[in-house]
Amino acid sequence: MDIDALFKAPAPKRKADMFASLPPAKARKTGEHEATVEDVPEEHDEDGVGDAPAPETGAADAVPDDEDDPRFFGDGLSAEDRRILDLVDTAESVDVAELDLPALKKVVSRFEKAYKTNLSLRSKYPSDPSRFLDSEVELDAEARALAILATAPHLYRDAVALNVPDALVRLLTHENPDIGMAAVEVATELLDDDVINPEDDDVGLDTLRGIREFVADLLERDFLPIVEAAFRREPELHAAVEGGGEEAEAERDEALYKYLALLDNLLGVDETMAGVVVAQTKFLDLILAQLRPADPKSAAAFSPLRAYAAELLAVLVQNGGRAARTAVVAGGGLDLLLTVLSGFRKRDPDSAETAEFMENAFDAVCLCLSEPEAQQAFRDAEGGELMVLLIKKRQRARIRAVRVLNYATQLTTGGEDEAVKTAVHLVADAGVLGCVFPLFMQQDHRKMAKAYKTEFSAVSDDEHLACTLANLVRAVHRALAKGGDEAWTAKVADVHARLLRKFAEDGHAKVIQVVKQFAKYHEKLAAYDATRREEEDDDEELDADRRYLDRLDRGLSTLSQLAILLGFLVRDDDECRELVPMLLQAVDLTPAHVAAVLKDYLAYADPGVVAEFKGLVDQFEN
């Protein structure tokens, strides 16, 4: 299907409310407004002409003749306005509280009649808009009336039989962009998360199946590609507006935001929708375009549109699989995200919305780094160097930058070689040890906890730092075993020596800290295990996976990474081999406790990891 061919020459631009009046990201969904038939006059025209105040007594002489009144797109009443009010009088015969199939058929029938009338008049008088203007107003009102379906999810299956999905697709391709926007807003209402994923236990299985059938029917009609084509069309419409300026930009941003709200609701259907969006459209490219700053000097500048784009990008890379993540990297998305984050080097977010914008960008970076292609892009864009700068500034971005270093050094299956290169680069070129070790020694915990009481978590910080150090040591050890050309081998050997020197300096203070942290989390898990055994006496059905997840929540991951770190230190350094058992004894533990933690970790590990770590376990048991 040639999607672009569905769109004809644009009609005169719509008059929209100023975008700045929209609420913050996430809250700006049309789905937050419950649709009713009584809403038709207020929403058919975005200037709000459907609810104009009555003139004051004595002001009638000041009102110009309706036929010459230019205020159809303003605040006054005209002949068209009165026609809309007549439509409302008719629509009020449908009771929202009792919407049933006959009432829905009536709504759909009125829409189809208005659509056919408009189509016929446009065909007869293509060059004379005045001949079909009235029918356009009526079609807009009847199209918006379809949103009433959102109040009756049990009728979604019937709506499929009545061709409501087809009606939305037809409206999206209408020559008048106002009509197309009406379709976007109605579709957003009908796909609102509260409607398609109801939490009410009284909602029957048949209703849920009907909702899914409605969504499936939309997708089968090329709904996603058509929405994408309409999204691409918006900037062209507003660029063609004579005069342009800030008002045109605000209207464009508002329109694009509404498309993002529709995409947000589509992604909320279920987790598989992200993969469908990535496979069937180029929405990722469009989202990245909205995220790109107009001025590189204002990389972190907040706008509702950029914030929403960052939020949806994080959702797509999380649920869209490898295809989404590699598409982001290929489109320069990782470099763009790092550019956004660079804007927070010298300042904290100045609002909750800006903070969420920053965190979504961090999340997207972390998720992308699971792909080998992203590792290369991360190094090329000097992502490691940026994280070091963010950490040294000790501002809010420091909290998330530590997490990025963890993800950047993880040896994920299929991407081990790239992760090894990143680990070596971070130590040899980015100076990561100079900022990670002070954090591991908890030198800034008190300051961060005081400055960011709700955002900073010492437990989370401990986990990401322990993971990062264990990842670095493990990656360098793997690089030594694999070898390479002379230059690479020399570089890896130097990195390995740097790591050991860091752990040995100041009387092995960092090794002592590893053991202290190990003892702390071992005690914490032991207390939980004791409580759990008491609970199991009362609940014998508490399964192993549930117990494992509960232990992860209480620090098992941190404890496992500290055990791995101890294992490599004992293997690679003679002094640590003698020191670690003594340090463990000082905190009432033995090497056997470390071996037990490693065995628990390997019980859930891949076979390759089990083989890699077998020697680590053996040295604590002998």
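Colleague: Is Asp-506 buried or exposed?
Modeller: This is a predicted model, and the accessibility of Asp-506 is computed from it. The relative accessible area of Asp-506 is 63%. Exposed residues are those over 50%, so Asp-506 counts as exposed.

Colleague: Which helix holds Asp-506, and what is the phi of this residue?
Modeller: Asp-506 is found in helix H25. Most residues other than glycine have a negative phi. Asp-506 is not a glycine, yet its phi is positive, with a value near 55°.

Colleague: Is His-508 buried or exposed?
Modeller: His-508 also has its place in helix H25, and its phi is positive, about 60°, although the residue is not a glycine. Its relative accessible area is 12%. Buried means under 20%, so His-508 is buried.

Colleague: Which residue meets Glu-505 in a salt bridge, and is that partner buried or exposed?
Modeller: The side chain of Glu-505, which is partly exposed at 30% relative accessible area, meets that of Lys-510 at 2.9 Å, N to O. The relative accessible area of Lys-510 is 6%. The limit for a buried residue is under 20%, so the partner, Lys-510, is buried.

Colleague: How many residues apart in sequence are the parts that Arg-398 and Asp-444 tie together?
Modeller: The side chains of these two residues form a salt bridge, 2.8 Å from N to O. Arg-398 belongs to helix H20 (residues 396-408), whereas Asp-444 sits in the loop between helix H22 (433-440) and helix H23 (445-451), so the bridge joins parts whose separation in sequence is 46 residues.

Colleague: Is Asp-461, which meets Arg-398 in a salt bridge, buried or exposed?
Modeller: The side chains of Arg-398 and Asp-461 meet at 2.7 Å, N to O. The pair links distant parts of the chain, with Arg-398 in helix H20 and Asp-461 in helix H24 (residues 458-482), 63 residues apart. Arg-398 has a relative accessible area of 0%, and Asp-444 is at 4%. Asp-461 is at 3%, and therefore counts as buried.

Colleague: How many salt bridges does the structure hold?
Modeller: Salt bridges also link residues in a network, formed by Glu-359, Asp-363, Arg-396, Arg-400, Arg-403 and Glu-455. For the structure, the number of salt bridges is 40.

Colleague: Which helix gives the most residues to the largest nonpolar core?
Modeller: In soluble globular proteins, nonpolar side chains tend to be buried together. The largest nonpolar core here has 172 residues, and Phe-214, Leu-313, Met-387, Val-432 and Phe-518 touch the most other members. The greatest contribution, 11 residues, comes from residues 486-538, which form helix H25.

Colleague: With which residues is Leu-313 in contact, leaving aside its neighbours within four places in sequence?
Modeller: Leu-313 is one of the core residues that touch the most other members. With those sequence neighbours set aside, its contacts are Leu-284, Ile-287, Leu-288, Leu-291, Val-328, Leu-337 and Ala-364.

Colleague: At roughly what angle do the axes of helix H7 and helix H11 cross?
Modeller: Two packed helices are described by the angle and the distance between their axes. The crossing of H7 and H11 is left-handed. The axes of H7 (residues 177-190) and H11 (residues 245-267) come within 9 Å, and their crossing angle is roughly 35°.

Colleague: How many charged residues does the contact of H7 with H11 have?
Modeller: The residues in contact include Met-181, Val-184 and Glu-185 of H7, and Ala-255, Lys-258 and Tyr-259 of H11. By class, 7 residues of this contact are nonpolar and 2 are polar, while the number of charged residues is 2.

Notes:
Residues numbered from 1 in each chain as written. Predicted model: local features only at pLDDT ≥ 70, side-chain atom pairs only at ≥ 80, totals over all residues. Heavy atoms only, no water. Salt bridge = Lys/Arg side-chain N within 4 Å of Asp/Glu carboxyl O. Helix = DSSP H or I, 4+ residues; strand = E, 2+ residues; numbered from the N terminus. Buried < 20%, exposed > 50% of the residue type's maximum accessible area, 1.4 Å probe, protein only. Core = buried A, V, L, I, M, F, W, Y, C linked by side-chain atoms within 4.5 Å. Contact = heavy atoms within 4.5 Å. Axes fitted to C-alpha atoms, helices over the stretch in contact; angles between N-to-C directions. Left-handed = near helix turned anticlockwise from the far one by under 90°. Nonpolar A, V, L, I, M, F, W, Y, C, P; charged D, E, K, R; others polar.
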